[in-house]
Amino acid sequence: MGAGASASQVREHVEGLGNAYQPYGTTLEDNGVDGALVEELAHDDRAGVNATFDDLGITNKLHRRKLLQAARAQHGVKVAVRCSTCCRQMGHSTGSPSTIT
């Protein structure tokens, strides 16, 4: 699903994430969320992402994370995170940024 995806294609992709995500598919389609908006969301900062999810009525934090993760994966966005657990696993000093997708 690229930037040229229609709102119905976005709905289908989101519904494919599992039963818990099916209600969001309809919400996204009804609000005209297409591939271009998903790409913008994938590159947006935390405040912008949260505002968009608030506007769409998506309140479950785990679902927000999964939806954002899917959007970023679709658009090849890499995110720098600071996580002591993953840093230790990757051999970095605790708190050094690690790049994940």
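These are my notebook entries on a predicted model of one protein chain.

**Entry 1: layout**

I began with the secondary structure. I found 6 helices and 2 strands in the protein chain. From the N terminus, I read the order as α-α-α-α-α-β-α-β. Next I looked up burial: 32% of the 101 residues count as buried. The chain exposes about 6100 Å². Carbon and sulfur atoms supply 47% of that area. I also checked contacts between residues at least 6 apart in sequence. Of these, 46% join residues at least 24 apart.

**Entry 2: nonpolar core**

Nonpolar side chains tend to be buried together in soluble globular proteins. I therefore looked for the largest nonpolar core, and it has 18 residues. Which residues have the most contacts inside it? I noted Val 10, Val 14, Phe 53 and Leu 67. I then asked which helices each supply at least two residues of this core. They are α1, α2 (22-30), α3, α4 and α5.

I followed Phe 53 further, leaving aside its neighbours within four places in sequence. Phe 53 is in contact with Leu 41, Ile 58, Arg 64, Leu 67 and Leu 68.

**Entry 3: cavity**

Rolling a probe the size of a water molecule over the atoms shows where empty space is left. I ran through the cavities next. The count is 1 cavity of 30 Å³ or more. The largest cavity has a volume of about 170 Å³. I listed 19 lining residues. Closest to the centre are Val 14, Leu 28, Val 38, Leu 41 and Leu 67.

Which elements give two or more residues to the lining? I found α1 (7-15), α3 (35-43), α4 (46-56) and α5 (61-74). Helix α5 gives the largest share, 5 residues. I sorted the lining by residue type: 16 nonpolar, 3 polar and no charged.

I compared names with the core entry. Val 14 and Leu 67 are among the residues with the most contacts inside the core, and both are also listed as closest to the cavity centre. Leu 41, a contact of Phe 53, is on that cavity list as well.

**Entry 4: Gly 35**

I turned to Gly 35, which sits in helix α3. Is Gly 35 buried or exposed? Gly 35 is buried, because its relative accessible area is 0%, and the cut-off for buried is under 20%.

I then looked up what surrounds Gly 35. Leaving aside neighbours within four places in sequence, I found contacts with Gly 2, Ala 3, Ala 5, Val 10 and His 75. Gly 2 lies 33 residues away along the chain. The C-alpha atoms of Gly 35 and Gly 2 are separated by 5.7 Å. Val 10, another contact of Gly 35, is one of the residues with the most contacts inside the largest nonpolar core.

Notes: Residues numbered from 1 in each chain as written. Predicted model: local features only at pLDDT ≥ 70, side-chain atom pairs only at ≥ 80, totals over all residues. Heavy atoms only, no water. Helix = DSSP H or I, 4+ residues; strand = E, 2+ residues; numbered from the N terminus. Buried < 20%, exposed > 50% of the residue type's maximum accessible area, 1.4 Å probe, protein only. Contact = heavy atoms within 4.5 Å. Areas by Shrake-Rupley, 256 points an atom, 1.4 Å probe, with all protein chains shown as cover. 1 Å grid on protein atoms, 1.4 Å probe; cavity = no way out; pocket = protein on both sides within 12 Å on 5 of 7 lines; lining within 4 Å. Points joined across faces, edges and corners; volume = space filled by probe spheres on them. Nonpolar A, V, L, I, M, F, W, Y, C, P; charged D, E, K, R; others polar. Core = buried A, V, L, I, M, F, W, Y, C linked by side-chain atoms within 4.5 Å.
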